[in-house]
Amino acid sequence: MMTFMEYPQPIEHLIEQLRKLPSIGYKSAERLAFSLIDWEGKELNDLSEALNNIKRSLHFCEECGAMLHQENCRFCTESRDSSCLCVVAGAKDIYLFEQTGEFKGLYHVLGSLLSPLAQKTPPQERIDSLKERIEKREVKEVILAMDATLEGDATALYIKKELALIDLPISRLALGIPMGSSLDYIDGGTLARAFSGRRVLG
Ligand SMILES: [Zn+2]
């Protein structure tokens with residue numbers, strides 16, 4: 001019988017930490033750990049400093065939920081077209097839509113999607129602040145820009161219900177986005193077409 005030989009504890013520990021990253025299995029984590037062992041001390045210090053800083057130096061815009069460093073939120077300025085508000089799942093998605101150059105309106109980060117399987121709903125305070133912002137900034141149209149997945153669909157339906165008492169068109173970005181796909185894997189051109197081809201939810 002073959003016995004499994006473990007690496008020295010600090011290496012195993014590093015592998016375990018790296019495995020927590022998305023789509024990193026044991027083999028990939030092992031490869032990353034050994035490549036880190038070869039790094040110079042200065043490079044390793046820079047990496048650990050970047051990791052330490054990531055939570056400390058980032059904060060989120062209280063209005064839209066975008067990630068900020070020290071600056072004021074550029075997605076909430078007066079120069080943005082407040083007639084249109086795009087609801088996204090995560091703060092990262094904002095950058096995806098900005099890259100298309102197609103959208104000049106406001107954003108609203110939900111924080112998380114509704115997951116019927118995990119019995120998870122978007123944070124209620126984000127839904128409340130969405131309603132407040134629609135009123136305050138006189139938004140004329142809401143665009144729901146979630147992944148074309150089961151969770152994305154469930155979330156879109158949930159928000160539509162939450163906004164039922166507010167009289168404004170709610171459209172969904174889904175055209176051109178293949179069913180079951182994550183927004184992350186969609187190129188800018190497809191996303192831009194999805195914006196112009198959005199359809200109002202009936
Ligand atoms: Zn903002």
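Two strands pair if DSSP finds at least two bridges between them. Strands (E, at least two residues) and helices (H or I, at least four) are DSSP runs, numbered from the N terminus. This is a predicted model: local features need pLDDT of at least 70, side-chain atom pairs count only at pLDDT 80 or more, and totals for chains, interfaces and linings use all residues. Residues are numbered from 1 along each chain as its sequence is written, and side-chain values use heavy atoms, with hydrogens and water left out.

**Exercise 1. Find the bridge partners of Cys-86 and Val-87 in β4.**

Step 1. Go to strand β4, residues 105-109.
Step 2. Start with Cys-86. Its bridge partner in β4 is Tyr-107.
Step 3. Move on to Val-87. Its partner in β4 is His-108.
Step 4. Now take the two strands as wholes. β3 and β4 pair in the parallel sense, over five bridges.
Step 5. Follow the chain from β3 to β4. It passes through helix α4 (residues 91-100), and this β-α-β crossover is right-handed. The term means that, with the strands pointing away from the viewer, the path from the first strand over the helix to the second runs clockwise.

**Exercise 2. Place β4 in its sheet, and state how covered β4 is.**

Step 1. Write down the strand order: β4-β3-β5-β6-β7. The sheet is open, has five strands and shows mixed pairing.
Step 2. Mark the edges. They are β4 and β7 (199-200), each pairing on one side only.
Step 3. Check burial. Buried means under 20% relative accessible area, exposed over 50%, partly exposed in between (1.4 Å probe, protein chains only). In β4, five of five residues are buried.
Step 4. Add the helices. α4 lies across β3, β4 and β5 (141-145), at about 155° to β4. Helix α6 (residues 150-162) lies across β3, β5 and β6 (170-172), at about 175° to β6. Axes are lines fitted to C-alpha atoms, for helices over the stretch in contact; angles run from 0 to 180 degrees between N-to-C directions.

**Exercise 3. Describe the site of the zinc ion.**

Step 1. List the donors: the SG atoms of Cys-61, Cys-64, Cys-73 and Cys-76, at 2.3 Å. Donors are N, O and S atoms within 2.8 Å of the metal (3.2 Å for Na, K and Ca); water is not among the atoms, so sites may look incomplete.
Step 2. Read the spacing along the chain: C-x2-C-x8-C-x2-C.
Step 3. Locate one pair. Cys-61 is in the loop between β1 (59-60) and β2 (67-68), while Cys-73 is in the loop between β2 and β3 (81-88), twelve residues apart. Both Cys-61 and Cys-73 are buried.
Step 4. Name the geometry. The angles among the four donor atoms are 103 to 114°, and the site is tetrahedral. Four donors count as tetrahedral if all angles lie between 85 and 135 degrees.

**Exercise 4. Is Arg-133 buried or exposed, and what does Arg-133 contact?**

Step 1. Find Arg-133 in helix α5 (residues 124-136).
Step 2. Apply the burial cut-off. Arg-133 has a relative accessible area of 5%, so Arg-133 is buried.
Step 3. Look for contacts, that is, heavy atoms within 4.5 Å. Leave aside neighbours within four places in sequence. The contacts of Arg-133 then include Cys-64 and Cys-76. Both of these cysteines coordinate the zinc ion. Tyr-107 and His-108 are also among the contacts of Arg-133. These are the β4 partners of Cys-86 and Val-87.

How values were computed. Tetrahedral: all angles 85-135°; square planar, octahedral: opposite > 155°, others 65-115°.
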